[in-house]
Amino acid sequence: MRGRESPAEDALILFRSRICNPNFVFTPFSDSPDSNYSKLKFIISSSVTEACNNSILLLGPRGSGKTAVLELVIRDLLAEHADMISVIRLNGLLHSDDNCAVKEIARQLCVEHQLLFSKMASFDDNSQFMTAMLRECGLAHKTIIFVLDEFDFFTQGKQRLLYSLLDAMQSVMSQAVVIGVSCRLDADQLLEKRVRSRFSHRKLLFLPPSKEDLQRLLEHILSLPVDTSLPNDYAVEFNTKLHHILADERFKEIINTLLNSDSTVKHLLRFLFYAVCHMDLESGFLSLDNFRTAMSSIQRQPKMEYLQDCSILELYILVCMKRLEVKEQNSYNFNSVMKEYKGIHDAYQTSDYYARSVCLRAFEHLVQRELICFMDNRGNNQSIEFRAVKLLISSHELYQGLKSYRSCPAILRKLVDQ
C-alpha cells in the first residue's frame, strides 16, 4: 500500500469518518442532563430496571438527529444491560399495513429467541404470539423495545397494530417500550381515541442546535486529537488555526447563512463534509476558503443549472430581455425582444442569428423552463408574440450563468456588463 506523504491525508480520513458516524457526532450532547439523549436514556433504562411499560414520541424535522440519538441510547443500554433488552424495528414506509407490521414483529421475535416463524400465520395468530412473547419476556425480566420509525404512517387506517401493541402492554406481566419517531409534530393527534388513551403522551422535541451547542459540535468534529499517531506539532498548529477560523466573523456569517436555509444537524454535517474534502493537502490545514467553497457547493441554484442547459440562442433572448429592462422598458413582448436581437446583430455583426420561427421555439422553451414568464394569464387567447413577458432571473444570476457557460460568446458577457 502506498505510504502517505503527509499527516493531512490521515486528518482528512479522520474527519470523513467522524462526519459519517452519528454516534461520534452526537457524543458531546450526551453529557448534559437536559439533553434528549439523557432524557430518553432515563426513560428507557427506568423501564428496564423497574420492569415497567413506557411509550414515547421523538418529534422533529428530518435530519435533526432523532434516529441518531435513539441509536446512541440503544447502543449504550445494550452495553449496560445486554441480556435484558431486545429491540424490534419497524418502518412506516415498509410496514404501515397492520398485517405486514404484526407479521414482521413476529418474525423478528422468532429470530431473537431462535423460534420457527410461520409465514402462513394470520393477523390474530401473530398478535396472540406477540402478546405471549411480551408476557414471557416480562417474566424473564427482559424489556422489548419497539422502534416505530415514520410513526405517522402507522396511524393511517384502523390502527390495529398500535392498539394491539399498546393494549398488550397494559398487562402487569409485560415489559416493553414503544418509541415512535416522526417528523410530524402533531403525530400524537393522529391517534384514535382508544389508542391515545393507552399512550403515555411523552414527547421529546428535537430542535436546531443552539449557538453554544453548534460551537461545541464544530470543535468536536474538526479538532485533531493530540495523543494519536498524528504528529503532535501538526495537531496543535491545526487546532490553533481552526480556532481562529471559528472565531472569524466571516466564518460566522457563512454559518448563519447556512442555518437560515436549513438548521438541521444533517445539513450542517453535509456542509462540513464538503469543507474538509476541499482542504489543501499540501498545506495540511483548513482555510476560510474551504468553507466558502463548501457553501457555494451546498446551495442549489436551479436557475443557474437551467442556464447551463440553454442554447446559445436562448442566452441571446435572455440578454435581450435584460437589456430591455435596463432601458426601463417595463412592458415588452416577443416582438420587442426580436427587435433588440436584430439591433445587437446589426451593431456587432454576430454570426449567431436565427430565423424568427426558430427564435419563437427557443422563447417558448424558456417559458417552459420558467426562466421567463408571461405578465398575466389574461391573454391566454392572444398570440404568444404579443403577450407581455418578464425575466425570472436576476442580473447577477444571468452574469454568473454566462460566466460559467463554457461556449458562451464573449459578446453576451460584454452586453450584460454594459
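Helix α11 (residues 232–247) has 16 residues and should span 22 Å at 1.5 Å a residue, which agrees with the 23 Å between its end C-alpha atoms; the expected span is 1.5 Å times one less than the number of residues, and helices are DSSP runs of H or I of at least four residues, numbered from the N terminus. The structure is a predicted model, in which local features need pLDDT of at least 70 and side-chain atom pairs count only at pLDDT 80 or more, whereas totals for chains, interfaces and linings use all residues. Residues are numbered from 1 along each chain as its sequence is written, and side-chain values use heavy atoms, with hydrogens and water left out.

The buried residues of α11 (buried being under 20% relative accessible area, exposed over 50% and partly exposed in between, with a 1.4 Å probe and protein chains only) are Y234, A235, F238, N239, L242, I245 and L246. These residues cover an arc of only 125 degrees around the axis, which puts them on the same side of α11, the arc being that of the directions from the helix axis to the C-beta atoms. On the other side of α11, D233 and H244 are exposed. The cover over the buried residues of α11 includes α1 (7–19), α10 (211–222), α12 (249–261) and α14 (288–298), where contact means heavy atoms within 4.5 Å.

A search of the whole structure finds 10 aromatic pairs, defined by rings of Phe, Tyr and Trp (its six-membered ring) with centres within 6.5 Å, and classed as stacked for planes under 30 degrees apart, edge-to-face for over 60 and tilted for the rest. The rings of F334 and F363 have centres 5.1 Å apart and planes at 65 degrees, so this pair is edge-to-face. Because F334 lies in helix α17 (residues 334–348) and F363 in helix α18 (residues 356–368), the pair ties together parts that are 29 residues apart in sequence. F334 is buried, at a relative accessible area of 0%, and F363 also counts as buried, at 0%. Y341 and Y353 form a stacked pair, with 5.1 Å from centre to centre and 20 degrees between the planes; this pair links Y341 in helix α17 with Y353 in the loop between α17 and α18, 12 residues apart. Y341 is buried at 3% relative accessible area, while Y353, at 38%, counts as partly exposed.

One aromatic cluster is formed by F15, Y234, F238 and F285, and both Y234 and F238 are among the buried residues of α11.

Methods. Helix = DSSP H or I, 4+ residues; strand = E, 2+ residues; numbered from the N terminus.
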